[in-house]
Amino acid sequence: MKEKLSILLEEAIKVSSEKGLLKIEETPSPGIEPTKEDAFGDYASNVAMVIASKVKTNPRKVAEIIVDHLDDRDGILEKVEVAGPGFINFFLREDVWVGLLEDVEKQGDRYGESSVGGGRRVQVEFVSANPTGPLHVGHARGAVIGDVIANTLRAVGYDVTKEYYINDVGNQMNTLGLSVYLRYRELLGEEVDFPPHYYQGRYIQDLAAQVIKTQGNKFLNADEKDVLSFFVPYAAGAIMDGIRDDLRSFGVVFDNYFSEQELYRNDGVARLIEELQEKSFIYREGNTLWFRTTDFGDEKDRVVVRENGEPTYFAADIAYHRNKYERGFEEIIDVWGADHHGYLPRMYAAIQALGREKDTLKVVLVQLVNLLRGGKPVAMSTRSGEFVTLREVVDEVGKDAARYNFLMRRSDSHLDFDLEIAKKQSNENPVYYVQYAHARICSILKTAHERCYSVPRYGEIEPRLLKLPEEIMLIKYISRYPEVVGGSAQALEPHRFTFYLNELAAVFHSYYNKHRVVGEDAALSSARLFLVNAVGIVLRNALRILGVTAPEKM
RNA sequence: GGGCGAUUAGCUCAGUGGAUAGAGCACAGGCCUCCGGAGCCUGGUGUCGAGGGUUCAAAUCCCUCAUCGCCCUCCA
């Protein structure tokens, strides 16, 4: 609908300027928005005011000229008004709205999808937590946001790969292995001095106990090299298995897990650094190698190879991103914790040094979660190993409530997550509100079926019967859904779905309470069934993208 | 000290330069002989942190300031 009006406007502007009534070089793409108030019609455009400032004419006058040249061939317009400072308000004929429902029938569970992505290959990388311990609640938010962004991009026609980057290189891995080893010795009866910076969590003891079960005490007198070569991969592997399981129970399934070790194979990182050195993006200072990220706007240059000859995390990350491009991804989306925002300029510097356009990388920053229980903060500390795990949250509040609650805010704003509220099956918990609307619709359809009504085909209903304000409102919301999907994909903002769903459910519940769907009048019941079924389709489609179930009963 | 972000109703937050700034929660009162009451309806509150600027139009863009948070490793 928006597109249709937009075309009408563009044509009118073109004709006007050809007639010499408007002196403009190029027609601006008109802004068209659904209005907030009925008095302003159904859609409004500000294009006259935009043009007016360029041609130095009274905006209302410009609007009049445009309106005079509108050619409403299909007869969709009831009337067009010029209002306020120069808005053009479109009033659509009532029966036009019902026509929009035909798309819902035609596209069914694909309604809302599009092909604007054109099959472009996009990689969404998210979670990517170090394999040094189970995922905690902080990771959960990033997991859902990445997952839903990927689902949304897929819905608008991108070829999407979900990837998890495993940071299984570096000091932390040795620390992990040694942590398990110390607990191993401890469990075998030795006195150990467990350093405070080692991993403290209970899961370390569990892993150690496993080793004893399968390997016995054979490592008690082994030298450090043998210890590490067993304990490091063992612990990392077991933890990654756990992470995979936890994610699956949270509805997150990755297409690919990428190990950092991969980057070091065949001296990959070292060779990359040499190349960048040849292109003089990298310079030497003593033993240290610096990346000239300031060339690209970073505030200072960054070390890629340390004094001691070890490459930094950043060095590997450059190699990783180059690898992504080499695998054929045209766009890359990284989902990071917001505390990494200082890392952004150097990453942009890196991809530009690699010869890639800056806008092929997009970084979504995810703010911290405030975990609450009954309004009180839940104490968490990684150091002491006391944290609420993703698994515990899913077990306690369920996948649907957890996912939905993590999607209720912009990703870069802080989020309060209250376990008591998320668990509550009440109106404080928005996920039920939306799911309830869906269950209610299913129930209506069932009742209808029992009374020998079935959902009609679009061609079978009498459009003029759907003319109540609540019905027009519902249809408007339904017709807006594809724009929600498109907008969310374009802006990488999954929270738009939850806001939209809440509104759609509200309009539906209100309608339901005011008017009977299944009644005496067969034609009327039929038309309303069609409408209500369409609402159900939209709810289902949106919830599917969010990875939240749309229950038929609750 | 520098960088980034935030500041909108009692609370938690939406708001893509547009008309009278919205939603949920909380609070108060009402609504089922009827398709699911996990629902609906009715109530009201804003110095959009402050001040300046840009323009037909600013919560939105620019500058200054205040408060809060995060980051400022040759950690990952």
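These are my notebook entries on the domains, the RNA surface, one helix, a pocket and a cavity of this structure.

**Entry 1. The model and its domains**

I noted at the outset that the model is predicted. I then looked up how chain A is divided. The assignment gives domain 1 as 2–92 and domain 3 as 171–249. Domain 2 is written in two pieces, 98–115 and 429–546. I also looked up the spacing of domain 1 and domain 2. Their C-alpha centres are 31 Å apart.

**Entry 2. Around RNA strand B**

Which residues come nearest to RNA strand B? I found Phe87, Arg440, Ser443, Arg496 and Arg516, out of 56 residues around the strand. On the RNA side, 58% of the atoms within 4 Å of the protein belong to sugar and phosphate.

Next I listed some polar contacts. Asparagine 89 places a polar side-chain atom 2.8 Å from a base nitrogen of RNA strand B. Tyrosine 512 uses a polar backbone atom, which is 2.9 Å from a base nitrogen. Arginine 516 has a polar side-chain atom 2.3 Å from a sugar or linking oxygen of the strand.

I then asked which elements give two or more residues to this surface. They are helix H2 (47–55), strand S4 (87–92), helix H16 (430–450) and helix H18 (495–514). By residue class, I recorded 18 nonpolar, 21 polar and 17 charged residues for the surface near RNA strand B.

**Entry 3. A look at H16**

H16 is one of the elements at the RNA surface, and I checked its length. This helix has 21 residues. From first C-alpha to last it reaches 31 Å, close to the 30 Å expected at 1.5 Å a residue. After H16 comes cysteine 452, and its phi is positive, near 65°.

**Entry 4. The second largest pocket**

I put the volume of the second largest pocket at about 1100 Å³. It is lined by 38 residues, and Pro34, Thr35, Lys36, Gly41 and Asp42 are the closest to its centre.

Which element gives the most to this lining? The answer is H17, with 9 residues. Other elements that supply at least two residues are strand S1 (32–34), strand S2 (43–45), strand S3 (77–83), S4 and helix H4 (94–107). S4 therefore turned up twice in my notes; it also gives two or more residues to the surface near RNA strand B.

I sorted the pocket lining by class and got 16 nonpolar, 8 polar and 14 charged residues. I also looked up which domains take part. Domain 1 and domain 2 each give at least three residues to the lining.

**Entry 5. The cavity**

How many cavities of 30 Å³ or more does a search of the whole structure find? I found 1. The space in the largest cavity is about 40 Å³.

I wrote down its lining: Asp109, Tyr111, Gly112, Glu113, Ala155, Tyr481, Val485, Asn541, Arg544 and Ile545. Helix H17 (469–491) and helix H19 (522–546) each supply at least two of these residues. H19 gives the most, with 3. The lining divides into 5 nonpolar, 2 polar and 3 charged residues.

My last note is on H17. This helix supplies residues to the cavity lining, and H17 also gives the most to the lining of the second largest pocket.

Key. Residues numbered from 1 in each chain as written. Chains lettered and ligands numbered in written order. Predicted model: local features only at pLDDT ≥ 70, side-chain atom pairs only at ≥ 80, totals over all residues. Heavy atoms only, no water. 1 Å grid on protein atoms, 1.4 Å probe; cavity = no way out; pocket = protein on both sides within 12 Å on 5 of 7 lines; lining within 4 Å. Points joined across faces, edges and corners; volume = space filled by probe spheres on them. Helix = DSSP H or I, 4+ residues; strand = E, 2+ residues; numbered from the N terminus. Nonpolar A, V, L, I, M, F, W, Y, C, P; charged D, E, K, R; others polar. Near = heavy atom within 4 Å. Polar contact = N/O pair within 3.5 Å; in protein donor to acceptor, adjacent residues only side chain to side chain. Domains from an automatic or database assignment. Expected span 1.5 Å × (residues − 1).
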